[in-house]
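Here are my notes from a read through this model, in the order I would go over them at the bench. Have the sequence and the 3D view open beside you.

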Amino acid sequence: MPFNIPILLTWLRVALIPLVVGVYYLPVHWLPRSDQDLAATLVFIIAAVTDWFDGFLARRWNQTSAFGAFLDPVADKLMVAGALLVLVHLQRVDYFIAFIIIGREIAISALREWMAQIGASRSVAVSSIGKIKTAAQMIAIPLLLFHDTVFKVVHTRLLGDYLIILAAVLTVWSMFYYMRLAWPLIKEKAGDTL
């Protein structure tokens with residue numbers, strides 16, 4: 001297993017995931033709910049920044065590796081799934097939206113693994129739809145975790161609600177996009193069974 005700064009940042013992201021969840025297990029007389037929200041938001045933002053930064057450094061320093069390429073999306077999916085489960089528990093995200101987003105991540109991960117096994121991983125490379133979906137998610141989640149008004153003007157819940165719905169719509173759209181790209185190969189490999 002290679003070890004370098006980008007991989008260390010990815011491991012840091014994995015280590016931060018339990019903090020986003022765990023902060024809500026603290027008694028409210030230790031840490032009031034508004035402080036729990038702020039702490040979870042800050043931890044999630046730090047984790048999201050490491051997501052961008054580890055990829056940037058890996059490319060810039062030419063430290064990309066197969067292990068890093070495996071660990072990075074796993075860390076991303078764990079981070080998003082953990083935060084969404086917290087938000088469902090706090091009744092800030094509808095369970096159906098969380099199911100769509102988490103279910104799509106599992107389905108597309110399985111599809112990518114299968115496509116890699118048959119040597120066609122480029123067929124399901126990340127698209128611009130997927131990038132916009134990820135951006136909407138990564139902005140919506142901290143807004144929903146924070147769950148308060150900023151500068152007495154913007155209520156983060158309202159903006160977060162719109163963005164998480166947008167993320168869910170783009171999630172379904174991107175899933176169909178990837179499936180459409182993969183379908184000819186799936187049909188070819190499955191033969192007459194389809």
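1. Let's start on the outside. Phe3, Ile5, Leu8, Trp11 and Trp61 make up a nonpolar patch on the surface, and together they offer about 530 Å² of accessible area. Keep in mind throughout that this is a predicted model.

2. One member of that patch deserves its own look. Trp61 sits in the loop between helix 2 (33-60) and helix 3 (66-89). Is Trp61 buried or exposed? Somewhere in between: its relative accessible area is 44%, so Trp61 is partly exposed, since buried would need under 20% and exposed over 50%.

3. Next door in the sequence there is a backbone point to check. Asn62 has a phi near 55°, which is a positive value in a residue other than glycine. Most residues other than glycine have a negative phi. Asn62 is in the loop between helix 2 and helix 3, and with a relative accessible area of 66% it counts as exposed.

4. His147 raises the matching backbone point. Phi of His147 is near 55°, again positive in a residue other than glycine. Where does His147 lie? You will find His147 in the loop between helix 5 and strand 1 (149-150). As for cover, His147 has a relative accessible area of 27%, so it is partly exposed.

5. Now for the charged pairs. Side chains of opposite charge can pair when their charged atoms come close. How many salt bridges does the structure hold? There are nine. I'll go through three of them below.

6. Arg13 is the residue I would click on here. Its side chain meets that of Asp54 in a salt bridge, 2.9 Å from N to O. This pair links distant parts of the chain, with Arg13 in helix 1 and Asp54 in helix 2, 41 residues apart. Arg13 and Asp54 are both buried.

7. Arg13 also has a salt bridge with Asp76, at 2.9 Å from N to O. Here too distant parts of the chain are linked: Asp76 is in helix 3 and Arg13 in helix 1, with their positions 63 residues apart in the count. Why do Asp76 and Arg13 count as buried? Asp76 has a relative accessible area of 17% and Arg13 is at 0%, so each falls under the 20% limit for buried.

8. Step back and these bridges belong to a wider set. Arg13, Asp51, Asp54, Asp72 and Asp76 are linked in a network of salt bridges.

9. A further pair to look at is Arg92 with Asp37, whose side chains meet in a salt bridge of 3.1 Å, N to O. Arg92 lies in the loop between helix 3 and helix 4 (95-117) and Asp37 in helix 2, so the pair ties together parts that are 55 residues apart in sequence. Both Arg92 and Asp37 are buried.

10. On to empty space. Rolling a probe the size of a water molecule over the atoms shows where such space is left. The second largest pocket holds about 630 Å³. Which residues lie nearest its centre? Of the 21 that line the second largest pocket, they are Asp51, Asp54, Gly55, Arg59 and Asp72. Asp51, Asp54 and Asp72 are names you have met in the salt-bridge network.

11. Who builds the wall of that pocket? Helix 1 (5-22), helix 2, helix 3 and helix 5 (128-146) each give at least two residues to the lining of the second largest pocket. Helix 2 supplies the largest share, seven residues. Sorted by class, the lining has eight nonpolar, eight polar and five charged residues.

12. Last, two contacts made by helix 6 (residues 156-190). Leu170 is in this helix and, at 9% relative accessibility, it counts as buried. Leu170 and Gly130 are 40 residues apart in sequence, yet their C-alpha atoms are 7.4 Å apart in space. Tyr177 is in helix 6 as well, but at 26% relative accessibility it counts as partly exposed. The C-alpha atoms of Tyr177 and Ile129 are separated by 8.6 Å, with the two residues 48 apart along the chain.

Technical notes:
Residues numbered from 1 in each chain as written. Predicted model: local features only at pLDDT ≥ 70, side-chain atom pairs only at ≥ 80, totals over all residues. Heavy atoms only, no water. Patch = residues over 30% accessible without salt bridge, like charges linked within 9 Å, V, L, I, M, F, W, Y side chains within 5 Å. Areas by Shrake-Rupley, 256 points an atom, 1.4 Å probe, with all protein chains shown as cover. Salt bridge = Lys/Arg side-chain N within 4 Å of Asp/Glu carboxyl O. Helix = DSSP H or I, 4+ residues; strand = E, 2+ residues; numbered from the N terminus. Buried < 20%, exposed > 50% of the residue type's maximum accessible area, 1.4 Å probe, protein only. 1 Å grid on protein atoms, 1.4 Å probe; cavity = no way out; pocket = protein on both sides within 12 Å on 5 of 7 lines; lining within 4 Å. Points joined across faces, edges and corners; volume = space filled by probe spheres on them. Nonpolar A, V, L, I, M, F, W, Y, C, P; charged D, E, K, R; others polar.
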